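Visitor: I have a structure here and would like to go through it with you, asking at each step how the terms are earned. Shall we look at it together?

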Amino acid sequence: MPTRTEGGAATAARHARSAFGLRIDSSLLFEGRPHPFPHGQGTAAVVEAVAPAALDRHWPRQDGALVMERRNAAGRFLEIEHHAERGYRISAPGYGAYLVSRDGRRVLAAVPPDGGWQWQRLFFAQVLPLASALQGFALFHASAVAIDGRGCGFAAASGTGKTSLAAHLLVAGAHFITDDVLALGTGPTGVHAYPGAGMLAVHPAELAVLSATERAALGRVMGDAGKTYFAREPVSTPLPLSALYYLVRGRSVERFSIALRSPDPRVLLAGAFLSYLQDAGHLRSHLEACAQIAGEVPVFELRIPPGVSSPEVAERVAEHAAGACA
Amino acid sequence: MPSKSTEVRAHEVFLGKKARLAEHAVYRAFAHETVVLNLNAGSYHGLNPTAGRMLDALDGAATVREAVRRLAREYGRPIPEIEQDVTDLCGQLLERGLIELAHADPD
């Protein structure tokens, strides 16, 4: 956002953010932890707000190979293109267009001119996670909270209740790490969960069971788009991942249980968030990350039968996690 | 269907060779499975623990025959039995492009 100095000349404000393992220097203002990671943690990335025409000059349309498209009933919606030299272009009507450099260190962002908050949905769901993955972080489709200073991740297919569980745990006093996209750092120091976007999206049915005080505890309401989107500052530093829960919900589940499981490599490998990253480097690093997670992080299967409420699930998970995360 | 004598000759060929992981392949052991990734094809192949151990032994041995001997000692099984299993595995991994056979280094 440009600001004016006393002399009247516009200067572009810079914003420091940290998300998905990235220490971000941005001319674009977005939700999230307004401080960089402590020195030595995370990797650097720059986000620059640009006009759509400027973005197109960097990447003429149809100049890349389409690697992902997600269509809605009205036609094309989200498109992701790849160019070997230029990197990736991510675009969705109404949500903006973004270029992510091939090393993930630079993002050009052309957000919709009418502003609003919804462009952040694409920014946090696709753009920043891609930059993170290109810089070596392992991205999983999972939510995560911190309990007693240690990270607990919740993985499942969409609609199974990852966010609902995380939301109820936050209400109960856990600290927010991320919603829907979990960035993990792996290596000699172990597996660490990095704070993600400062945003979580909660289903109306889950909000309905919360009191007004509990809803307020989730964060500041950004807006509604099928779900209610809350701005919520995540934890300040990466935390050791002490447990990974896989949620299983449905009529075939007869009773509630939390059981330690030998991690199935297929499930871990399939949990990659950006499935269109198929180059050898990413495939290799993802396999290595999954092997390290399988070897170092307790994995639990959380089976939830019909009729068990989310608050009840959260209560039982909190109790289990306090022991698992110790 | 290859004849028995053809199979025997194929196994003999394997035994004197060095079996090495293909350059475009990488593998990692999990609790109950070894996963081999073909980086070129983007395909994953699962090996049971025994096959995973065999791949480990093959990758670290000068020849397939040496790997067979090590595994026979490790598992306490007769060499001909291990030989059959290892050479069968070599055939499968070769077919999937996950290993390559090379001449053994001269002593």
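Guide: Gladly! Let us start with a term: a salt bridge is a side-chain nitrogen of Lys or Arg within 4 Å of a carboxyl oxygen of Asp or Glu. By this rule there are 18 salt bridges over all chains. Please keep in mind that this is a predicted model.

Visitor: What makes Arg14(A) and Glu48(A) a salt bridge?

Guide: Their N to O distance is 3.0 Å. The cut-off asks for a nitrogen of Lys or Arg within 4 Å of a carboxyl oxygen of Asp or Glu, so the pair of Arg14(A) and Glu48(A) qualifies.

Visitor: Where in chain A do Arg14(A) and Glu48(A) lie?

Guide: Arg14(A) sits in the loop between strand E2 (10-12) and strand E3 (15-19) of chain A, and Glu48(A) belongs to strand E5 (residues 43-49). The two are 34 residues apart, and the pair links distant parts of the chain.

Visitor: Why is Glu48(A) called buried?

Guide: The relative accessibility of Glu48(A) is 19%. Buried means under 20%, so Glu48(A) counts as buried. Arg14(A) has a relative accessible area of 39%; that lies between the limits of 20% and 50%, so Arg14(A) is called partly exposed.

Visitor: How do you know that Arg89(A) and Asp56(A) form a salt bridge?

Guide: The closest N and O atoms of Arg89(A) and Asp56(A) are 3.1 Å apart, and the rule accepts a pair within 4 Å. Therefore Arg89(A) and Asp56(A) form a salt bridge.

Visitor: What parts of chain A does the pair of Arg89(A) and Asp56(A) tie together?

Guide: Arg89(A) lies in strand E8 (residues 87-92) and Asp56(A) in helix H1 (residues 52-58), so the pair ties together parts that are 33 residues apart in sequence. Arg89(A) has a relative accessible area of 4% and is buried, while Asp56(A), at 32%, is partly exposed.

Visitor: Why does Arg266(A) count as exposed?

Guide: Its relative accessibility is 52%, and exposed means over 50%, so Arg266(A) earns the word. Arg266(A) also forms a salt bridge with Asp264(A), with the closest N and O atoms 3.6 Å apart. Asp264(A) is partly exposed at 34%.

Visitor: Which residues do salt bridges with shared partners join into one network?

Guide: Arg14(A), Asp25(A) and Glu48(A) are joined in this way.

Visitor: Now to the strands. What makes E18(A) and E19(A) a pair?

Guide: Two strands pair if there are at least two bridges between them. E18(A) and strand E19 (residues 227-231) of chain A have five bridges, in the antiparallel sense, so the condition for pairing is met. As an example of facing residues, Val221(A) stands opposite Phe230(A) in E19(A).

Visitor: Why are E17 and E18 of chain A said to stand at the edges?

Guide: The open antiparallel sheet has three strands in the order E17-E19-E18. Strand E17 (199-202) and strand E18 (220-225) each have a single partner strand, so one side of each is left without a neighbour in the sheet. Neighbouring strands here are turned by 25 degrees against each other on average, direction ignored.

Visitor: Which helix lies across E17, E18 and E19 of chain A?

Guide: That is helix H2 (residues 119-134) of chain A, running at about 105 degrees to E17(A).

Visitor: Let us turn to the interface. What makes Glu33(B) and Arg266(A) a salt bridge?

Guide: Their N to O distance is 2.6 Å, and the rule asks for within 4 Å, so the pair of Glu33(B) and Arg266(A) passes. Between chain B and chain A the count is two salt bridges, and three residue pairs are in polar contact. E2(B) gives the most to the side of chain B that touches chain A, with three residues.

Visitor: How many residues does the contact take from each chain?

Guide: Twelve residues come from chain B and 14 residues from chain A. The chains bury about 1,200 Å² between them, 70% of it on carbon and sulfur atoms.

Visitor: Why is Ala270(A) called exposed?

Guide: Ala270(A), found in helix H6 (residues 265-270) of chain A, has a relative accessible area of 64%. The limit for exposed is over 50%, so the label fits Ala270(A).

Definitions and conventions. Residues numbered from 1 in each chain as written. Chains lettered and ligands numbered in written order. Predicted model: local features only at pLDDT ≥ 70, side-chain atom pairs only at ≥ 80, totals over all residues. Heavy atoms only, no water. Helix = DSSP H or I, 4+ residues; strand = E, 2+ residues; numbered from the N terminus. Buried < 20%, exposed > 50% of the residue type's maximum accessible area, 1.4 Å probe, protein only. Axes fitted to C-alpha atoms, helices over the stretch in contact; angles between N-to-C directions. Contact = heavy atoms within 4.5 Å. Buried area = accessible area lost by both parts, 1.4 Å probe. Polar contact = N/O pair within 3.5 Å; in protein donor to acceptor, adjacent residues only side chain to side chain.
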